[in-house]
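Q: I should like to learn how aromatic pairs, salt bridges and surface patches are read from a set of coordinates. Please take me through one structure.

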Amino acid sequence: MSTEVLAASATDVQQASAAAPAQSATAEKVNLLGMSRPQMEKFFEDLGEKKFRAGQVMKWIHQFFVTDFAEMTNISGKLREKLEKICEIKAPEVVHKNYSKDGTRKWVFRVGDGEGSLVETVLIPAEDKTGSRKTLCISSQVGCALDCSFCSTGKQGFQRDLTQAEIIGQLWMANYSYMEDVPVIERERSVTNVVMMGMGEPLLNYDAVLNAMRIMLDDFAYGMSKRRVTLSTSGVVPKIDQLAQDIDVALAISLHATNNELRDELVPINKKYPLEQLIAACQRYIGKDGNESARKHVTIEYVMLDGVNDHPEHAQQMIKLLKNLPSKINLIPFNPFPHAPYGRSSRNRIISFQKTLSDAGFVCTIRQTRGDDIDAACGQLVGQVADRTRRAEQWKKKVAAQNEIIRSQG
Ligand code: SAH
Ligand code: SF4
C-alpha cells in the first residue's frame with residue numbers, strides 16, 4: 001500500500017466521470033475511491049472495457065484496502081497499466097488522528113486549503129448482546145448552513161459540500177486503520193455501523209451522500225446491512241421523501257424541541273418545515289412495509305440543554321408529538337464548546353426525563369459521552385485543531401515581526 005494515500009487530497013468523482021476516457025498525461029487523475037458501482041461500470045464501459053471490472057476493482061479498494069493497481073492481481077497487466085496512467089485511489093489527507101484509551105478513534109481530514117477546511121470522523125466501539133460494534137460517525141459537509149444554536153459546526157457557517165470520495169474516504173480510512181499492518185489477503189472490514197451524524201447536514205449534500213451510502217450497502221464494497229447505516233437530519237422535509245424513494249437506510253431526526261416556538265429558536269430550519277410537517281414526513285418514510293426494511297422506526301435525537309428543553313412539560317409534549325410515530329428516543333447530554341450559550345442538563349434531570357418517556361412506553365436511551373480524552377464529542381476536535389493552527393500562525397507572525405526588527409536594527 002502506498003503512503004501517498006495519506007497525503008493526497010481527494011478528487012471529486014463528479015468531475016472524474018466527466019473527465020475519464022480522454023485524459024491527457026498531464027490531466028488530473030480520476031479518483032476511483034468515490035465511485036458507486038453504476039458509476040464505475042459506466043467508467044469502464046467508456047474505456048472500452050467490460051463492466052464487471054467495476055466489481056473487481058471495488059473489491060480491491062473497499063475490501064482489501066489496496067490503492068496500488070499493481071496489486072490487483074486478477075486484472076490484466078495491460079488494463080492495470082492503463083488504470084495507473086489515468087486513475088488513482090486517494091482518501092482525504094489525515095492531519096490529525098487520535099486513538100482514545102476507551103477504544104474511540106478520531107481523525108481530522110483536510111479537504112481543501114485554508115485553516116477552516118477540516119472535517120472530522122469518529123469511531124466509537126461498543127459491546128452489546130449482538131456482539132461488538134464499531135460505529136463510525138461520518139461528516140458530509142465542511143461546516144453547515146443551518147446554524148442550530150447549540151451546534152459548533154453550525155457556528156462555523158457553511159463552506160462546501162464534501163465529494164463522494166471524501167465521504168466514503170472516511171469509512172475507507174477508519175477500516176484501513178485496523179488493517180495497515182495486515183497482509184492484503186487477510187484484510188477484513190472492521191466498521192460495523194455508520195451514522196451520518198458528523199459535521200454538516202447530509203440531506204443538503206444529497207447526491208454525494210446517497211451514492212456514498214450506496215457504496216456502503218454494496219456487496220462488492222462494504223456490504224453493510226441497511227439497518228446499520230443511519231442518516232441523521234435536522235428536518236429537510238422534501239429530501240426525506242426523496243430519500244424514501246432512493247434507498248433503504250435507517251433515519252434519525254434531530255428533534256431537540258417539542259414545540260414550534262422553541263424549535264424555531266434551536267433548529268432554525270423548523271421555520272421552513274415545522275414540526276407537523278416533519279412528523280408527517282417521518283410517518284411517510286416508515287411507510288407500510290416497515291417490517292421488511294430498515295425503516296421500522298425513526299430514531300429521535302434530543303440534546304439536553306439545561307433549563308431550556310429539559311422540563312417535565314417538554315417530556316409530556318414529546319409523548320403527544322410522537323404518539324403515532326414508531327420511534328426510539330436518544331437523549332444526548334449537551335457537549336459544551338467555547339462561547340456556547342447553553343449548559344448541559346444535570347444527570348438527575350436527564351434521568352427523570354428518560355423515566356417519563358419510558359413510563360409512557362417509549363424506548364429511551366441516554367447517549368454515553370465517549371472519547372472525552374481526545375475531544376471526540378461533536379465538532380470539538382476540529383475546533384481544537386483549528387485553534388492550534390491559529391496559534392501556530394500567530395507564532396509564525398510574531399517570529400517574522402521579531403526578525404524584521406532585528407534586520408532593521410542592522
Ligand atoms: N446535520 C445533521 C447531522 C449532524 S449533527 C443533524 O442535525 O441531524 C449530529 C447530531 O449531533 C445531531 O443530532 C445534532 O443535533 C447533535 N449535536 C450538535 N451539536 C451538539 C452538541 N454541542 N452537543 C450534543 N449534540 C450535538
Ligand atoms: Fe447543521 Fe446538524 Fe449542526 Fe444543525 S445540528 S447546524 S443541521 S450539523
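**Aromatic and charged contacts**

A: In this predicted model, Phe65, Trp172 and Tyr176 are joined into a cluster by ring pairs.

Q: How is a pair of aromatic rings described?

A: A pair of aromatic rings is characterised by two quantities, the distance of the centres and the angle of the planes. Searching the whole structure yields 8 aromatic pairs. One of them is Trp60 with Phe64, a tilted pair with 5.4 Å from centre to centre and 50° between the planes. The rings of Trp172 and Tyr176 have centres 5.0 Å apart and planes at 20°; because planes under 30 degrees apart count as stacked, this pair is stacked.

Q: Where do Trp172 and Tyr176 lie in sequence, and are they buried or exposed?

A: Trp172 and Tyr176 both belong to helix α7 (residues 164-179), 4 residues apart, which means that about one helical turn separates them. Both residues are buried. In the tilted pair, Trp60 is buried at 12% relative accessible area, whereas Phe64 is partly exposed at 22%.

Q: What is the general idea behind a salt bridge, and how many salt bridges are counted here?

A: Side chains of opposite charge can pair when their charged atoms come close. In this structure the count is 15 salt bridges. Among them, Glu41 pairs with Arg37, with 3.9 Å between the closest N and O atoms. These two residues are 4 residues apart in helix α3 (residues 37-46), so about one helical turn lies between them. Arg37, Glu41 and Asp218 are joined into one network by salt bridges that share partners.

Q: Which parts of the chain does the salt bridge of Lys82 and Glu49 tie together?

A: The side chains of Lys82 and Glu49 meet at 3.1 Å, N to O. Lys82 is in helix α5 (residues 77-86) and Glu49 in the loop between α3 and α4 (52-62), so the pair ties together parts 33 residues apart in sequence. Lys82 is partly exposed at 32% relative accessibility, and Glu49 is partly exposed at 23%.

Q: Which strands hold Glu93 and Arg110?

A: Glu93 is in strand β3 (residues 93-99) and Arg110 in strand β4 (residues 105-110), so their pair ties together parts 17 residues apart in sequence. Their salt bridge has an N to O distance of 3.6 Å.

Q: Which residues form a positive surface patch?

A: Lys129, Arg227, Lys296 and Lys328 form a positive surface patch. Lys328 belongs to strand β13 (residues 327-333) and is partly exposed, with a relative accessible area of 38%.

Definitions and conventions:
Residues numbered from 1 in each chain as written. Chains lettered and ligands numbered in written order. Predicted model: local features only at pLDDT ≥ 70, side-chain atom pairs only at ≥ 80, totals over all residues. Heavy atoms only, no water. Patch = residues over 30% accessible without salt bridge, like charges linked within 9 Å, V, L, I, M, F, W, Y side chains within 5 Å. Areas by Shrake-Rupley, 256 points an atom, 1.4 Å probe, with all protein chains shown as cover. Salt bridge = Lys/Arg side-chain N within 4 Å of Asp/Glu carboxyl O. Lys, Arg positive; Asp, Glu negative; His and termini not counted. Charge placed at Lys NZ, Arg CZ, Asp CG, Glu CD. Buried < 20%, exposed > 50% of the residue type's maximum accessible area, 1.4 Å probe, protein only. Phe/Tyr/Trp six-rings, centres within 6.5 Å; stacked < 30°, edge-to-face > 60°.
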